[in-house]
Amino acid sequence: MTKVTILAIESSCDDTSASILRDGKILSNCIASQLIHKEYGGVVPEVASRAHQVNIVPVVTKALNDAAVSKEELTAIAFTLGPGLMGSLLVGVSFAKAMALSLDIPMIEVNHIQAHILAHFIDSPRPGFPFLCLTVSGGHTQIVEVHDYLKMEILGKTIDDAAGEAFDKTGKLLGLDYPAGPVIDKLAKNGKPVYKFTEPSIPNLDFSFSGLKTNILRFLQKNVRQNPEFIQENLSDICASVQERIVSILINKLSKASSQTGIKRIAIAGGVSANSGLREALMEKGNIEGWQVFIPKFEYCTDNAAMIAMTSYYKYIKKDFVNQDISPKARYNF
Ligand code: KG4
Ligand code: ZN
């Protein structure tokens, strides 16, 4: 029987990534991160798009070489269709189209958020169905009920900022580098959550982080007025306090979702799932509530093409292919 060998491409934001999958197993996963955005304190879409153009050929070549697979062996090409930055997505989609056309093989479109969730199927332990997944990234915050590999339902989502944005925007206020999530995580380890920030009262399973952002801004302005060195002198405690509040907002909603649905298999996914405070809090809550908890490996938390490859494999089995008319989608719900 012919082997299923897929090249997957991820280019939705500021990481250019390519991965090779064979018969459900990831053979390689290469990522070129765009450090240039640090200078601007956030991702600049036009700069990201240009950097993807520079990175895509070397990254795909490396993914093929690492996997010891030639392009003639590929049986399909998968790519992120959305959601993401239009200019960034365009590079991946155009590259995938050109390569699929030249090799005369099918193409598979993948939803980026669905892929973050299905990253849990790259390695063991794999969750059974149904499970709840908190997807927390720079652009998204959702609680998803996962019925099957490709059957998912969004139970709640943010009505303004995403959890990753809350970390990144706080980092900007504190003068930290972008992306600030990992920096705050590191600094929080040396601090204590002595400052109590507000927890928004948002109905249902939805989230909001814009009020928290304003709360932090006012808190900093007030304290810096009294002591210009306040941030430098208390940076670790501020980071620990901000992280504790963001984590408690996330865990409380997950808990509510579990009570409402009766589902006790709980997973986290997306860039913010790399946060050590969130990982610890989830384990702790899981022990109390009797949850079976699933936390992805660090390398599969932030954007990567292995998760795109994994998702495309389930679509390949169903022969869920797309034709050359397909266009990237900045917003794309599953
Ligand atoms: O999933 P991802 O790589 O890209 C998007 O799809 O947005 O997530 C990036 C986000 C950024 O906001 C970054 O600050 C956050 O994930 N992040 C973290 C950590 N590592 C990455 N946030 C908190 N703690 C971390 N350790
Ligand atoms: Zn992502």
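Reader: Hi! Where is Pro125 found?

Author: Keep in mind that this model is predicted. Ser124 and Pro125 are joined by a cis peptide bond, with omega at about -5 degrees. As for its place, Pro125 sits in the loop between α3 (112-118) and β6 (131-136).

Reader: Is the peptide bond from Tyr178 to Pro179 cis or trans, and which loop holds Pro179?

Author: Going from Tyr178 to Pro179, omega is near -5 degrees, and the bond is cis. Now for the loop: Pro179 lies between α4 and α5 (181-188).

Reader: What is phi of Asp104 near?

Author: Find Asp104 in the loop between α2 (86-103) and β5 (107-111). Asp104 isn't a glycine, yet its phi is positive. The value is near 60 degrees.

Reader: Let's do helices. Are α1 and α2 roughly parallel or roughly antiparallel?

Author: Two packed helices are described by the angle between their axes and the distance between the axes. For helix α1 (residues 45-67) and α2, the axes come within 8 Å and cross at roughly 30 degrees. Angles under 35 degrees count as roughly parallel. So α1 and α2 are roughly parallel.

Reader: Which residues in α2 meet α1 there?

Author: α1 passes α2 in a right-handed crossing. On the α1 side you'll see Ala48, Ser49, His52, Gln53, Ile56, Val57 and Val60. By class, this contact has 6 nonpolar, 6 polar and no charged residues. The partners in α2 are Gly87, Ser88, Val91, Gly92 and Phe95.

Reader: What about α4 and α7: roughly parallel or roughly antiparallel?

Author: Helix α4 covers residues 163-174 and helix α7 covers residues 230-261; their axes come within 11 Å and cross at roughly 165 degrees. An angle over 145 counts as roughly antiparallel. That makes the pair α4 and α7 roughly antiparallel.

Reader: How many nonpolar residues does the contact of α4 with α7 have?

Author: The crossing of α4 past α7 is right-handed. From α4 come Ala163, Ala166, Phe167, Thr170, Leu173 and Leu174, while α7 brings Ile231, Leu235, Ile238, Cys239, Val242, Gln243, Ile246 and Leu250. Sorted by class, there are no charged residues and 2 polar ones, and the nonpolar count is 12.

Reader: And α4 with α6, roughly parallel or roughly antiparallel?

Author: Helix α6 (residues 210-226) packs on α4 with the axes 10 Å apart and an angle of about 15 degrees. The cut-off for roughly parallel is under 35 degrees. So α4 and α6 are roughly parallel.

Reader: How many charged residues are in the contact of α4 with α6?

Author: This crossing, too, is right-handed. α4 supplies Lys169, Thr170, Leu173 and Leu174, and α6 supplies Lys213, Ile216, Leu217 and Leu220. The contact has 5 nonpolar residues and 1 polar one, and the number of charged residues is 2.

Reader: How many residues surround ligand 1?

Author: Start with the closest ones, which are Gly138, Asp168, Asp185, Gly271 and Asn275. The total surrounding ligand 1 is 18.

Reader: How far is a nitrogen atom of ligand 1 from an N or O atom in the side chain of Asp185?

Author: Look at the backbone partners of ligand 1 before that one. A polar backbone atom of Gly181 is 3.2 Å from an oxygen atom of the ligand, and a backbone N or O atom of Gly271 lies 3.0 Å from a ligand oxygen. For Asp185, the side chain is the partner of a ligand nitrogen, and the distance is 2.9 Å.

Technical notes. Residues are numbered from 1 along each chain as its sequence is written. Chains are lettered from A and ligands numbered from 1 in the order in which they are written. This is a predicted model: local features need pLDDT of at least 70, side-chain atom pairs count only at pLDDT 80 or more; totals for chains, interfaces and linings use all residues. Side-chain values use heavy atoms; hydrogens and water are left out. Axes are lines fitted to C-alpha atoms, for helices over the stretch in contact, and angles run from 0 to 180 degrees between N-to-C directions. Helices (H or I, at least four residues) and strands (E, at least two) are DSSP runs, numbered from the N terminus. Angles under 35 degrees count as roughly parallel, over 145 as roughly antiparallel, 65 to 115 as roughly perpendicular and the rest as oblique. A crossing is left-handed if the near helix is turned anticlockwise from the far one by less than a right angle, and right-handed if clockwise. Contact means heavy atoms within 4.5 Å. Ala, Val, Leu, Ile, Met, Phe, Trp, Tyr, Cys and Pro count as nonpolar, Asp, Glu, Lys and Arg as charged, and the others, Gly among them, as polar. A residue is near a molecule or strand if one of its heavy atoms lies within 4 Å of it. A polar contact is a pair of N or O atoms within 3.5 Å; within protein, one must be able to donate a hydrogen and the other to accept it, and residues adjacent in sequence count only if both atoms are side-chain atoms.
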